[in-house]
Structures are given as C-alpha cells and as structure tokens.
Amino acid sequence: MPRPSLGLLQGTVDVLILRTLTWAPMHGYGVSRWINDRSDGALAVEDAALYQALHRLERKGLVSSEWGISEKNHRAKYYSLTPAGRRQLRAEVAELRQYMAVLFRVLDPA
Amino acid sequence: MPRTPGSRRAFRFPWLSTRQVVADVDAELAFHLARKAEEFAAAGLSADDARREAAQRFGDLEYTRRYCRDEDVRRERESRHMTIMQELEQDIVYALRSLRSAPGFALVALLTLALGIGANTAIFSVVRGVLLRPLPFPAAEQVVRVWHANRSANEARSQVSEPDFKEWLAASRRFASLSAYWYQPGGSGADLTGIGNPERIEGVYVTPGFFETLRAPAALGRTIRPEEAVIGNDRFVVLSDGFWRRRFGADPSVIGRALTMDGVPHTVLGVMAPGFNFPADRIDYWMPLSTIPADGIGRQRSSRFLDVIGRLAPGVTPVQAHDELAAVARRTAAQEPEAKDWTDVTIAPVREAVVGEVRRPLLVLLGAVAFVLLITCANIASLLLARATARQREIAVRSALGAGRGRILRQLLTESLVLALAGGALGVALAYLGVRALGAVGAAELPRASAIRIDAVVLLYALGVSTAAGLLFGLLPALRATSQNLQAMLRAGSRGSVGAGGQRLRSTLVVAEVALAVVLVVGAGLAAKSFARLLNVDPGFQPTNVLAVKLSIPSERYPDERYPAYYEALLTRIAAVPGVQAVGAAKNFPLRGVGEIAPKVVVPGKAGGAGDRELRLPLLHVSADYFRAMGIPLRAGRVFTAADKDDTPPVWVVNEALARRYFPGESAVGKTLRVGQSSIQIVGVVGDIRQRTLTEPAEPTLYIHYLQNRRSGLSLAVRTTGDPLRYANAVRRAIWEVDRDQTITSVETMSAIVGGTVARPRLLATLLVLFGVMGLLLGALGIYGVLAFAVSQRRQEIGVRVALGATPRSVLALVVGQGMTLALAGVVVGVVGALALTRVLAAVLYEVRATDPATFVMVVAVLLGAAFVASWLPARRALRIDPVQALRYD
C-alpha cells in the first residue's frame, strides 16, 4: 500500500532529478523509481511534473539526453547530467541547506 | 545500460525536425506508461486496468505532452541558432589564424584588394554625385533643355535669340513653363561695390519663369515676379545661399536691402535654398534678363545667347514638345531672313544637358576600375588555388574528422570574405583620400562636383563590391579544394601534390588577367596618346610668358566720350611697367570665347564669278599691340597701329583662314568687306589661332580695332620677360594708379588658360593610365605567382632534368616558355576584347582612332615585356635547384 506522501516544496523536483542523475544516466521511469525507492515512497514526484522538469532542464542545458536500449530491450530516452547541471546542483543543494537551517532555527525551540 | 552518453551530442547533425521531436516525446511517454502498467500488472491488475491506472497516476498527460514538445522545439531552435553563430565565430577565428600564418599572401591580397575596391569606391562616388544624385529641384525628369537647331549647318545645339524665345514662349502649349537665362562662366557677372572691398560676382540673368520652371522657391524672401522683370522696373536680385553666407554671414535682414551692382542699386528679393545651384555650382545671384542693356547683348535674331529650359506639361512627351516648337521655328525660318535654315529645335533632358559631356568619360572610368578589380580577383583566386593545393592535407584531415563538404566550403569562403571585407575597409579609407584629391583636381572640371562625397550609398556600394569580390575570388578555389578525392589525398604522402586540374585553372585565370590588363592598358594608352596630341596642338599664339588680366569697365563710369582716354591710359601705364614687353587687349582671350558674331558681312563677288555673299563671321575687338603681345604672326599687310583711332575710318585685320577661303589665290590685303552700309578695307592678314577650343581648327575670323567699336569686357594680354606671375602685382598697381576703383576680374597666365582647357582630358588620361599601370602590375604579379608556384611544384622534375644534363638555357626556356605561352594567349584574347571595347572611347579621343595600331603594338610589347620579367624571376630560381637535394627531399 502506498503511504501518504509528503508534499514537495516548490523547485525541489529539479534538485531531486539532478541529484538522481549524478549516479548514472537514467530514463524518466528510472528517475521516478529511484526517487520513490530512496525515499521509501515518501517523496512522490508526480509523473507529469517529472517529465516537464526533465524537458525543462534539458532546454536549460542542465541535462542532456540520448536514445538508448533499456534492460528489457526497450528503446528509451536516457538523461545524463551536464557539467552545467552538476554546478547547478551544487549551488541549489547549498542554498537549500542554508534555507533549511534557517527555517529550523526559527521552528525549533531554543 | 547503454554505452555511456558523452560528447556525441556536439556532433548531432542535422538538427531534429519538429515531427521528430513530437515522435520522440510520444515514444518517451509511451515507454514510461508501459513500464508503469507492467508494475501494476505485476501487482495483479488486469492489462486494461493496469494501463488505465498508469495513465491516471501520471497526472495531466496531454498537458505534459504539449509542454515537453514545446520545450524541445524551442531548444532545437535555440541550439540551431547558437550553432550557426558559434560556427561563424569559429570560422572567423580560424580564418584570421590562417591568414596570420601566411602573412605574405595576406598582405599582397589585402593591399591589391584595398587598391581595387578603393578605386571602385572613389570612382563610384563621383559617378553617383555627378550622374545619379537627383538634381536640386523637384520632378527634374520633366525639365528639358531646348536648343535652336540649324540642320544644314550641322548645328544641333545652338543657343537661342530673345525674339525666337519670345515666339516659342507665346506658342508653347505643351510646356507647363518655359524660360530662358544667360550665364557664361567668368562672363556673366557684376561688380559689387558699396559694401567692403569691391568684388566681381557671378550671376545668371533669367526670365521671370526661371524659378517656376525649376519649381525652386526661395528659402528666404521670394523669387522674381513677372512685373519685376520689365525694363524700368527690374533692378532686383535673388542671392545664392553660398553668397549670402559668405558675404552677409547669413543675415536674414538682407532682404529688402539695396546692393550696388555695376554702379546701380538692386533690391534683394530673396535667398535660394542651400542646394540650389542651377545652372552651375558657383553662382552668386540671379537677376532679371531685362537688366542687360540691348547695347550690351543685342536682342536681334542673330544674337543667340540664351539657354532655354522648359518643364513639360503633364503627359507630354519630349517628342511632342519638340514637334510643337519645331513648327514655330520652321514658320519663323520661312518668314525671317535672319532665321533662314534655323528650322528645328533640339530637346534633351536637363540632366543630360548638365552632365552630358562627362557621362561617357565617367562610365569609361567606372568600367576601367571594374577591370582592375576583376584582375585583382583573378589574382587572389589564383593565389588561393595555390594555397588550397598546399592545404589539401589539412582539408583532408578535417573532412576525415567528420566535417562535411558544406562546412569546409563555408569555412573557406569565410576566409575569403574576411579578406575581402578587410580589403574593403582599407579601400574605403583610400577612396576617402582619393575623393578628396579628385575633388581638389576636378572641382572646376566636373559639373556638380559639390555633390561628390562618400555617403551611406557609396559605403553600401563598397560593402557590396567587397562581398561580391570575396565570393568571386573565393568560390572557385573553395569548390575545387573541397571536391578533391579525400582518400587519394591522404594517400598522396607527405607532400601535397599539385593536381593538374588546379594548375590548369590557375593558367586560365592568368590568361584572363592578362587579357583584362591588355584592354585596360590599351584604353590608357589611347587616352594618353590623345592627351599628348592635344598638348602638341599649335594654338597659333605663344602662351608662355603672357599674363592674362580680365577687367570690366562699366559704361556708367566710363561713358563713350571718356572711354578711349581711359583705355589708352590703362594700356600705356601697364606697358610702362619694367619687364613688360607688350600689352594687348581683346574682348575675349583665346579659348575663352569667340568674341561676338558679326551677323551680315558681305564678301563682294568677283567680276564674272559668284555674286555677293552674306556671311556670319566671328568678330574680335583687339588693341593695336594685341598680336604682338599674344605672339600671333603677321602674314601680310599690317596690323593696327596707333594711327587707327575712333575717328579714322575702320579697317579689318583678318586671319589666314578667312583669306584662304574667301580670297583664294590672291592677296586679301586691300579687299573690302561690307557691313551694313560701310565698306571696310582689309589692311592685314595674321596667322590662325585656336580661338574657340584647342581641338577645333581656326574658322574665318575678323579683327577690328578696339577703339572703333568699344565693348565693356576687356581682356589684357601682358607679355613679360620671364615668369609672368612675378609681374602680377606690378600690373595690378599700374591699373589702380589709373583708376583706384577699377575691379579686376581675374589675373592668371595664358599658359594656365591653355592648360585649363585640357584639364578634363588630362584627368581622364591620368586616371586611365593609373588604372592601366595597376592592371599591368597585377597581371605581371599573376604570371609571376603561377610560375613561381609551378617551379616549386616541379622541383623534382627540374632536378631530374638537370641531373640528366639539361643545360641552364633549356631550363630557363622551359619556365619562361610556359610564362610566355600564357601571356601570349592572354594578349590575343585581350586584343580582341580591346578592339571591341575601346570603341566607347572614340568619342573622347582627339585625333587618335580607337583602333590606333601603334598603341596596340606598344601595349602588346609592354605586356609581353612585363610577362617576360615576371617569368624570368621564377626561372632563375629554377636554375638554382640542386638536383641532389631536389631528389632527396621526396
């Protein structure tokens, strides 16, 4: 049974995708599976949002794509991280971390 | 896992079509939905349910599909754009690097291009200024010039008398406006006094319709009204913008003021717009024609002094307008004895009338510079072909690495265009200097010279010419370089071997270059020869050491009774200046007008011969010493002396042409010619001089003593010891000692007057020779380039020949022979072309035929000589080839 999933903060989908692609080039389905598995289903990225993000990221030059053959011999589109994407990921993670730190400093009782 | 995606994207080519993008997005989403459905099917759902579940979980599928497509299409477009820009940048960087690596080639190409494009730009700017720029009044295409024509005397473009003009004006229905003016450079003008220094200013005397015909309103004030152009109420003047600024500092309060011109006050009515300069560039004022007294210029039918312009009525063609006025002329000719044979008119667009004479020389020059540029292009194309041979391996390697033919072609063409545009930029700088120089030289010689400048249109032309040149010389070598067989080239070993085809192409280019050079040099040779003939014309007088001073003596200051004394005092006083040998006076200097026409001179018939003949003959009023001062020889009888006074019976001196024609085989001295009621005796015959132009032989001419028929204009010829200009100030002082208010119109030398009449042929000859020399040098450079390259390519072969015992002589013969063969082929083609093309020069040549054999022979000799030198140098290099080394360096 799928557990109720956490709502995702605005813009976090992009970071998640970029982070996922640091492991290996993946197709969209692979990315969705990977995020789902890693968060034990807690971070559910909607498929529509995922694909929109992938194409948006590609246009920005943060990921690049290539058609390849999947494990089960299907033709699939593989995404990989570009050097620009890697830089972007580092920057966004740092920013997010700082944001979270500030957020928790406010939320946590002293 | 697929093989690692990496740099492959950089090589993706060609780009994706929109249809491909759509298919990709659909396939990608289908793949995802299929995997999801498999997941659900594995969890136990039926196939249909699993598919439905997958689609439902996906979210907004259609929106996502559209979103992804849009993103991808946009990405493709952006990357395509970026790639082109990047490649262009790469190409330019690459081109610059490759030009830097061949500085010799780049320098030669750049300089020759700069010269070629510069010359083209400069000449085009002149053509544009003089021939193409609109005239300074609206709808100029409706404005025509009208001349009186006498077909039987072969005079198609004569000026018009006032009675004739008035009849035309009264009868014309096909003209919206018809008007006349009198303007004579250096002749029509007035003495301006009363404000600052007295000054001679140039003006045009117009009928009141003049400004209406041209549709030129005044910029300030107004122009002349009909009621302000009648005798008694015509002392009005309209100023030119230039004169207004120069003399009045653009002061608008000048309107309504009175200016003293020739001693009479004239009210300023208006100032014209800055660009308005009809009929010539340097006009100071316009004034009613009626201000010229009838005893100044006669108003009888024989006094043809007016230029007539008309604006055609809407829808009327020049032919219809011609027919209308020609009918009037025919009618008058039938009724008036003075207008006999003047049965026709000639009508031409006013632009042709303004620039007609210089049109052909300018177009000839434009053609000549185009030839220079073509030779330049052939030359550079030839150099590029040689370079392409040397770069075959580089190109082969690039295409082996995946660059397509189009890509390499583009890169090679970029190199050519970079070269051409750089050359063009340099050329524009040269053209700027050239136009300034031309402006200085040609200002007096070209109509509308003030309109010549380098403007946006000229710059655009230079850009277009540069681009065309770049494509012209770049395309052929680039196509050839990229069509080579890649495999063969890579196999060909370490040395780039020359393709026989490449060498053949270069030889063809050289032949073309030589042929073009022949045409150019023939043109230059003809113009130069014609100019030399012109310089060698014997004018019949001795212009050296003669100071030419022009005065005007207003009849208001010196009425008839005081005139002779003043006149004599002037001549005597100037003659007394130390170093002055003789002083003579005439109405017009030679080459500055023909004096006036005596309308009815009767040559008495001989007993038993033809009856009396009535003639129109040029008449010059001269002083006693005029012939001595001008160095015109006396052939028979006597010249005028101090004994010829205004109260003694008038006598003629005539020229040889008159004596020969009307008194053949007998002495003219002692014969009489009748004018009106008086019979006047011929007392002397003098040598013929070129009075009208340098190119026209003398016509029968009458001379009469000045005092016996006074005129207001006075040209003084002062023969001096040594350089006449050294005496200019002394002569001026002498004049002012007699009358300190006498205005002096001009002081120059007679040599300068003669020189001035050949200034335009000189300009044409100079420029054509300049372009001819450029063509010759470029042609020689072309031959040299091809041979030098051929020698370096054939090192081995020549080495073997030398090793096998070939004599230096035979090696020289081999190389020089190749060069001369090319040159000969070019010369043959060129001579044929020149015979066809130099015909356009015929109209501007003087006593030289366009097919002048001597010129052709000389040009062929010069070109073959240049070709020989250009072949000799590489041949010498071939001699120095050491067979051992040449063979070892295989």
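Two strands count as paired if DSSP finds at least two bridges between them. Keep that in mind for the first stop, and remember throughout that you're looking at a predicted model.

**Stop 1: the sheet in chain A**

Select residues 63–69 of chain A, which form strand S2, and then add residues 75–81, which form strand S3. How many bridges join S2(A) and S3(A)? There are 7, and the two strands pair in the antiparallel sense. To see one of these partnerships up close, click on A:Val63: its bridge partner in S3(A) is A:Leu81.

Now add residues 26–27, strand S1 of chain A. You've got an open sheet of 3 strands, with the order S1-S3-S2 and antiparallel pairing. S1 and S2 of chain A are the edge strands, each pairing on one side only. If you're wondering what does the holding, strands of a sheet pair through backbone hydrogen bonds, either parallel or antiparallel.

Next, select residues 12–21 of chain A to bring up helix H1. This helix lies across S1, S2 and S3 of chain A and runs at about 95° to S3(A).

**Stop 2: where the chains touch**

Show both chains. Here 23 residues of chain B are in contact with 24 residues of chain A. Which elements of chain B give two or more residues to that side? Colour helix H1 (18–42), helix H2 (47–58) and helix H3 (61–100) of chain B, and you have them. H3(B) provides the largest share, with 8 residues. Colour the chain B side by residue type and you'll find 9 nonpolar, 3 polar and 11 charged residues.

**Stop 3: all of chain B**

Zoom out to take in the 890 residues of chain B, of which 40% are buried. Colour by secondary structure and there are 24 helices and 23 strands to explore. Among chain B contacts between residues at least 6 apart in sequence, 83% join residues at least 24 apart.

**Stop 4: a helix pair in chain B**

Finally, select residues 759–793 (helix H20) and residues 853–879 (helix H23) of chain B. Their axes come within 8 Å and cross at roughly 25°. Angles under 35 degrees count as roughly parallel, so H20(B) is roughly parallel to H23(B). The crossing of these two helices is right-handed.

Show the side chains where they meet: H20(B) brings residues including B:Leu776, B:Ile783 and B:Tyr784, while H23(B) brings B:Leu863, B:Pro874 and B:Arg877, among others. The residues of this contact divide into 15 nonpolar, 2 polar and 1 charged.

How values were computed: Residues are numbered from 1 along each chain as its sequence is written. Chains are lettered from A and ligands numbered from 1 in the order in which they are written. This is a predicted model: local features need pLDDT of at least 70, side-chain atom pairs count only at pLDDT 80 or more; totals for chains, interfaces and linings use all residues. Helices (H or I, at least four residues) and strands (E, at least two) are DSSP runs, numbered from the N terminus. Two residues are in contact if their C-beta atoms, placed from the backbone, lie within 7 Å. Axes are lines fitted to C-alpha atoms, for helices over the stretch in contact, and angles run from 0 to 180 degrees between N-to-C directions. A residue is buried if 20 or more other C-beta atoms lie within 10 Å of its own, exposed if 12 or fewer, and partly exposed in between; C-beta atoms are placed from the backbone. Ala, Val, Leu, Ile, Met, Phe, Trp, Tyr, Cys and Pro count as nonpolar, Asp, Glu, Lys and Arg as charged, and the others, Gly among them, as polar. Angles under 35 degrees count as roughly parallel, over 145 as roughly antiparallel, 65 to 115 as roughly perpendicular and the rest as oblique. A crossing is left-handed if the near helix is turned anticlockwise from the far one by less than a right angle, and right-handed if clockwise.
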